[in-house]
Amino acid sequence: MRRRILVLFLIAGIALAGCKRGPQVDTQQVAAKYVSAPLPFEDPTSSLWQQATEHPAKLMVQDIAEPKLLEPGVTLVNVRALHNGDWVVFRLEWEDATQDLIPRPGKGSDAAAIQFPLAQAADVPSPAMGERGKGVRIWYWKSLWQDDDERRAAGKGDRIATLYPNAAPDHYPFQANPSAREEMEKRYAPARAAGNPILARSNAGPVQVLMAEGFGNTTPTPAQTARGHGVWKDGKWMTTIARPLRPGAELGDLEVGKRGYVAFAIWDGDKQHTGSRKMRSGWIPFKLVEK
């Protein structure tokens with residue numbers, strides 16, 4: 001009998017040891033925990049994330065302004081956050097069966113964004129890009145920009161060379177007149193010539209800071225203080241997006257210990273999500289936890 005009980009205890013112990021302990025979940029708010037260790041700005045797989053509680057943020061289609069999204073994409077993004085008193089880093093984790101980097105016919109680029117009211121107060125603007133006189137600030141990570149930077153650093157050529165590795169152009173018009181190259185590039189790349197911020201990035205990283213007061217007026221902010229990095233593996237994105245806590249009036253300050261609000265958006269390139277065609281959340285309570 002004693003031997004039988006011992007065997008049962010051993011089996012129970014093995015079963016418990018095999019169980020993977022999940023994160024603490026907070027369904028009411030996104031709570032950014034204070035940590036004294038260096039923040040994992042560009043490391044979504046850091047062990048530090050195990051110290052953060054997780055908020056499951058439900059997403060809905062953007063069906064307010066044209067072009068609307070009519071079919072749901074990603075419906076849930078799991079959010080964790082850490083801060084050190086100067087910066088806050090969010091980690092967004094969502095299911096995505098395909099890694100979509102460079103846009104092509106019928107495909108967009110995977111992306112994610114975090115949005116804050118410019119003024120953290122109870123009277124929040126519309127979560128759908130804010131409203132006139134009550135603006136929002138957005139930290140927007142795009143996998144295409146990260147891929148551009150990584151290819152450039154690795155000497156792997158431009159987007160065309162990546163999409164068509166076997167292509168071999170035998171002549172470009174500007175080769176006959178190198179001094180005319182700049183004007184030709186404007187003619188054949190009108191979006192770049194017009195200053196489209198998707199192409200003419202105002203900073204060197206994969207995260208761009210935007211401001212908006214409703215749909216149709218989103219534009220990059222003069223100050224571009226942001227960091228982040230995304231990792232796609234086994235049908236899942238994990239992406240960090242970081243912002244400073246006190247960047248000033250242009251980007252809006254966050255105060256430790258005071259409740260504010262945050263919202264999230266996800267674009268699935270495989271489903272042609274781009275621009276306003278996205279999955280988004282409403283405002284979610286957000287707090288920077290004190291030491």
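User: Which word fits Asp 234, buried or exposed?

Analyst: This is a predicted model, in which local features need pLDDT (the predictor's confidence in each residue, from 0 to 100) of at least 70 and side-chain atom pairs count only at pLDDT 80 or more, while totals for chains, interfaces and linings use all residues. Residues are numbered from 1 along each chain as its sequence is written, and side-chain values use heavy atoms, with hydrogens and water left out. Asp 234 lies in the loop between strand 10 (227–232) and strand 11 (236–244), where helices (H or I, at least four residues) and strands (E, at least two) are DSSP runs numbered from the N terminus. Relative accessible area under 20% means buried, over 50% exposed, and in between partly exposed (1.4 Å probe, protein chains only), so with 69% Asp 234 is exposed.

User: What is the phi of Asp 234 near?

Analyst: Most residues other than glycine have a negative phi. Asp 234 is a residue other than glycine with a positive value, and Gln 272, in the loop between strand 12 and strand 13, also has a positive phi, near 65°. For Asp 234 the phi is near 55°.

User: How many residues of the chain score at least 70 in pLDDT, as a percentage?

Analyst: The chain averages a pLDDT of 90. The share of residues that score at least 70 is 92%.

User: Over which residues is the pLDDT below 50, with 0 contacts beyond near neighbours in sequence?

Analyst: A contact here means heavy atoms within 4.5 Å. In the model, the stretch with 0 contacts beyond near neighbours in sequence and a pLDDT below 50 is residues 14–18.

User: How many strands are there in the chain?

Analyst: The chain has 291 residues, of which buried residues make up 42%, and its C-alpha atoms fill a box of roughly 90 × 50 × 40 Å along the principal axes. Beside 6 helices, the count of strands in the chain is 14.

User: Which strand gives the largest share of the largest nonpolar core?

Analyst: A nonpolar core is a set of buried Ala, Val, Leu, Ile, Met, Phe, Trp, Tyr and Cys residues joined through side-chain atoms within 4.5 Å. In the largest of these, with 33 residues, Phe 90, Leu 92, Phe 264 and Phe 286 touch the most other members. The largest share of this core, 4 residues, comes from residues 87–95, which form strand 5.

User: Which residue forms a salt bridge with Lys 236?

Analyst: Side chains of opposite charge can pair when their charged atoms come close. A salt bridge is a side-chain nitrogen of Lys or Arg within 4 Å of a carboxyl oxygen of Asp or Glu, and for Lys 236 the closest N and O atoms are 3.2 Å from those of its partner. Lys 236 lies in strand 11 and the partner in strand 5, so the pair ties together parts that are 143 residues apart in sequence. The partner of Lys 236 is Glu 93.

User: Which residues are linked with Asp 147 and Arg 151 in a network of salt bridges?

Analyst: Asp 147 and Arg 151 meet in a salt bridge (2.8 Å, N to O), and both lie in helix 2, 4 residues apart, about one turn of the helix. Asp 147 is buried, and so is Arg 151. The network that links them also holds Asp 148 and Arg 159.

User: Which side chain of opposite charge is nearest to Asp 268?

Analyst: Asp 268 is in the loop between strand 12 (259–267) and strand 13 (279–280), where its contacts, not counting residues up to four places away in sequence, are Asp 96, Asp 100, Asp 110 and His 273. Lys and Arg count as positive and Asp and Glu as negative, whereas His and the chain ends are not counted. Asp 268 is buried yet has no salt bridge, and at 4.4 Å the nearest side chain of opposite charge is Lys 271.

User: What kind of peptide bond joins Glu 66 and Pro 67?

Analyst: Most peptide bonds are trans. Pro 67 lies in the loop between strand 3 (60–61) and strand 4 (76–83). With omega about -5°, the bond between Glu 66 and Pro 67 is cis.
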